[in-house]
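Please open the structure in your viewer and keep the sequence panel visible beside it. The tour proceeds by selections, each followed by a description of what is found there.

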Amino acid sequence: MAKITLKGLRHSYMPNPSKPADYALQELNVDWEDGGAYALLGPSGCGKTTLLNIISGLLTPSHGEILFDDEDVTRMQPDERHIAQVFQFPVVYDTMTVYDNLAFPLRNRGVPEPEVDKRVREIADMIDLTETLQNRAAGLTADGKQKISLGRGLVRSDVNVIMFDEPLTVIDPHLKWQLRSKLKELHQRVKTTMIYVTHDQTEALTFADKVVVMKDGQVVQIGTPVELFERPQHTFVGHFIGSPGMNVLPCEVRGGQAFFEGEPVATWNAVHAKEGAKLEVGVRPEFVSFSEKGLAVEITKVSDAGRFQIVDTRKGGRSIKLLVPDGAEIPEKHAHVSFKTDHTQVYSDGWLVTGGE
Amino acid sequence: MRNLSRFVPALYILFLLLPIYWLVNMSFKTTNEILGDFTLWPREFTLENYITIFTDPTWYMGYVNSLAYVSINTVLSVAVALPAAYAFSRYRFLGDKHLFFWLLTNRMAPPAVFALPFFQLYSAVGLFDTYWAVALAHTLFNIPLAVWILEGFMSGVPKELDETAYVDGYSFPRFFIKIFIPTIAAGIGVAAFFCFMFSWVELLLAKTLTAVDAKPIAATMTRTASTSGYDLGLLAAAGTLTIIPGAIVIYFVRNYIARGFALGRV
Amino acid sequence: MGKIENQKAWFFVLPVLFLVAFNALIPLMTVVNYSVQETFGDNTFFWAGLMWFEEVLLSERFHASLMRQMIFTFSILAIEIPLGVAIALTMPRKGPWVPVCLVLMALPLLIPWNVVGAMWNIFALPDIGLLGRTLNAIGFDYNFTRQPGDAWFTMILMDVWHWTSLVVLLAYAGLVSIPDAYYQAAKIDGAKPFAIFRYIQLPKMKRVLTIAVLLRFMDSFMIYTEPFVLTGGGPGNSTTLLSIDLVKIALGQFDLGPAAAMSLIYFLIILAMSWVFYTVMMRNEAK
């Protein structure tokens, strides 16, 4: 178990990177606490796998360093870093039994056989594989194989961090939920630092204490699931997380007041906004409601999403979505909506406007 | 260790090239030099041997003959293997597994076993000493191979492709030619490569089934060696020239070689 | 992947069936026909029953050829398969050298078989050949046209030269199909190079190696042209393999009955052994 520090980390696959676009990974400074559960979330090609491979040592970064418990491991081989990784597609040693698969990392490190046996049985019990210990690993289902991959990480007592690279990709949907809660439970039991890479917000938000949201090789926000939801630092986060995503509307700010389509919109941070940039106002559908006064909108569609109804409305060619509880009354065609002021914020060039500067 | 292991492929390739080098080396030597001195490269460099081959019809027609029956065989084998491979990859039908297995057993038939019966068969049907005799005889082992390779590639194409085409109103022949064949073009290339290869290198049947008009170049070599004395330079030049078509063909399919050898079934 | 049941598929198979049947069944029937008849060379035939089969199976000549054939086939398998795997393992996985290596390695496979024989003949001749001359120069008394041991050495070396590349290419195809994640996982699990070979590479190469062993077994059992051109079966009968012997009997002596019986026995041996190889290897797979 270890604390992980990334200092001034940057990576480019090109030999002589010059402009920022040459970097697959933009400069990054992060501290991950010992025993935490973290997720790296972002769309495909955002650099999250690059980052993962740098941490595991399969890739050496072009700039910056990685510290495990303040020890520089940047140039170390994967096996010297004491890490474990679960890959997107299950990697098991086909010809071995489940038992031998789990024992493999220990035997490679010359652990005495009685100790191996004890650890393997302990871990097999933890991940519910005791019954199948003597079966050939090749015969297992995808979720069983992923459990073995995970088990191979857990058996080792020296593991600093376990990493997951979209581990649920090939798992049947009805088993995904099961495996996910198993992971969460295991994390609470073994308290190893875990890093979980995914493009699925549900997986990230349910697994992690802290989520790192990435876009185009850049970290746009690091925060708890609640922070990501309530205070998206970037319109991308607002849009990418949440279902449906945040409403983002172009606006202008005059005298500390935001205006959308000429009508005033109450926000908590418009006073700090400066002119000259692309300004937008963002509000999650959860914080939009029908009201007597406010923005006049036209309702275009109502869809039922279980406990909620998603209402699509339009104003001036822009779509504004809102969530209303199931069974609530929805006006026929024309209505007024209002936003909750302390959850309505102004973004400047995509970034949240704050009072600091 | 890492650096040492780099030498293994290099050494192996050197081993492969040595006999070829010796053949090429000899083809540029005069008979006197070959028999008289032991020289690592030609002292009296001569193109005499090549000139003989390109001016004497009994020599150069050998190449024409070989290329003719190899081409006929390749086209024929792939053409008939295509629909059969499609049937095996897409449908179940009575006896399909047995038929497939029986086809493959023909790949295990020693040409030596078939030499004499083939001679009688093709004499009886009047095809003896024609391109067609050799081309047809070589289908014995090339068709099973082509069916096997193509079936492997076709099974890799999802069935939905066929279904989508029918939904879009394609008739079967039109679908097969316009959509399916382009999709498995790589597989056809690999199958054609193997047909070419085995037809080009086989000699026992080719020699048995020809006398004068369709005699392959490789057979011309053996006969010349015995009739016109031991003219090694000429023999070496002829041998060198038989390597060239193969080398050209490999160069074209170099990116598919590894995959083709795995027959799409790994 | 359920296939559709469709008897009309037979029409697709008909051309293949017709051509292969023409080439396989008629000659095979001719062979069977000869194998049970006796002739005195005047185109009259008599029923001979299993006489020829008995004669062939009991003849020392056949035993000797079969024995030589077995020794040859198992020697080249024992050399080519491990050597081919070793070379495939040391080949680069990617980069500009890969196609160059592949093309050069595939070269021997596309040389007509009698040219292979002729080339090795010239290469190994003790007076004018590079190999023969060199071996003699460094102190070996080497002459493959006179000494059976040298003839065998040359014949096996020639086959290794000719066909190891096939094993290399097949094994290489198996190796490159292994996803990177396997190597990464092994690295993380601290596996040593031998463990990587034993538990990742070998299992993944198993299918292609099965194909390699089968092909090399079949083809080496049928080999005719290369050794015939190299040594003519000699010196004496020392390198007379089954095919060479068969052709001598059939086309040389025109002993149709024994030749036909021998052909059938020969063919059946290949079929039976291929089947045994295949089942044993596939059974290991299933276990």
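Among contacts in chain C between residues at least 6 apart in sequence, what percentage join residues at least 24 apart? The figure is 71%. Please bear in mind throughout that this is a predicted model.

**Stop 1: chain C as a whole**

Select chain C and colour it by secondary structure. Twelve helices and three strands should appear. The C-alpha trace of chain C spans about 75 × 70 × 30 Å along its principal axes. Of the 287 residues in chain C, 44% count as buried.

Next, select residues 66-277 of chain C. An unreviewed UniProt entry lists these residues as "domain: ABC transmembrane type-1". Within residues 66-277 of chain C, helix makes up 77% and strand 0%. Label the C-alpha atoms at the two ends of this stretch: they are 18 Å apart.

**Stop 2: where chain C meets chain B**

Show chains B and C together. How many residues does each chain bring to the contact? Chain C brings 75 residues and chain B brings 79 residues. On the side of chain C that touches chain B, the element that gives the most is helix α1 (residues 9-35) of chain C, with 14 residues. Colouring that side of chain C by residue class gives 58 nonpolar, 13 polar and four charged residues.

Now select residues 91-92 of chain B and residues 4-5 of chain C. These are strand β1 of chain B and strand β1 of chain C, and they pair in the parallel sense over two bridges. Which residue of β1(C) is the bridge partner of B:Arg92? The partner is C:Glu5.

**Stop 3: the two domains of chain B**

Hide the other chains and keep chain B. Its domain assignment gives domain 1 (1-46) and domain 2 (61-261). Give each domain of chain B its own colour; their C-alpha centres lie 32 Å apart. Nine residues of domain 1 of chain B are in contact with eight residues of domain 2 of chain B.

On the side of domain 1 of chain B that touches domain 2 of chain B, α1 (2-27) and α2 (31-36) of chain B each supply at least two residues. Of the elements on this side of domain 1, α1(B) gives the most, with five residues. By class, this side of domain 1 of chain B holds five nonpolar, three polar and one charged residues.

**Stop 4: where chain A meets chain C**

Bring back chains A and C. Here the contact takes 19 residues from chain A and 15 residues from chain C. Select β6 (83-86) and α2 (98-108) of chain A: these are the elements that give two or more residues to the side of chain A that touches chain C. This side of chain A comprises eleven nonpolar, four polar and four charged residues.

**Stop 5: the two domains of chain A**

Display chain A alone. The domain assignment divides chain A into domain 1 (4-235) and domain 2 (243-352). What distance separates the centres of these domains of chain A, taken over C-alpha atoms? The separation is 38 Å. The contact between them takes five residues from domain 1 of chain A and nine residues from domain 2 of chain A. On the side of domain 1 of chain A that touches domain 2, there are one nonpolar, three polar and one charged residues.

**Stop 6: a helix in chain A**

Select residues 173-190 of chain A, which form helix α5. Helix α5 of chain A has 18 residues and reaches 26 Å from its first C-alpha to its last, close to the 26 Å expected at 1.5 Å a residue. Just after α5(A), look at A:Lys191, which takes a positive phi of about 55 degrees.

**Stop 7: successive hairpins in chain A**

Select residues 252-254 and 257-260 of chain A. These are strands β12 and β13 of chain A, which run antiparallel and are joined by three bridges. A:Arg254 has A:Gln257 in β13(A) as its bridge partner. The two strands form a hairpin with two residues between them, and A:Gly255 in the turn has a positive phi of about 60 degrees.

Extend the selection to strand β14 (residues 263-265) of chain A. Three bridges join β13(A) to β14(A), again in the antiparallel sense. The bridge partner of A:Phe259 in β14(A) is A:Pro264. In this hairpin of β13(A) and β14(A), two residues lie between the strands, and A:Glu261 takes a positive phi near 55 degrees.

Note on methods: Residues numbered from 1 in each chain as written. Chains lettered and ligands numbered in written order. Predicted model: local features only at pLDDT ≥ 70, side-chain atom pairs only at ≥ 80, totals over all residues. Helix = DSSP H or I, 4+ residues; strand = E, 2+ residues; numbered from the N terminus. Expected span 1.5 Å × (residues − 1). Buried ≥ 20, exposed ≤ 12 C-beta atoms within 10 Å, placed from the backbone. Contact = placed C-beta atoms within 7 Å. Nonpolar A, V, L, I, M, F, W, Y, C, P; charged D, E, K, R; others polar. Pairing = 2+ DSSP bridges. Domains from an automatic or database assignment. UniProt positions renumbered as here; feature names shortened; annotations may be inferred.
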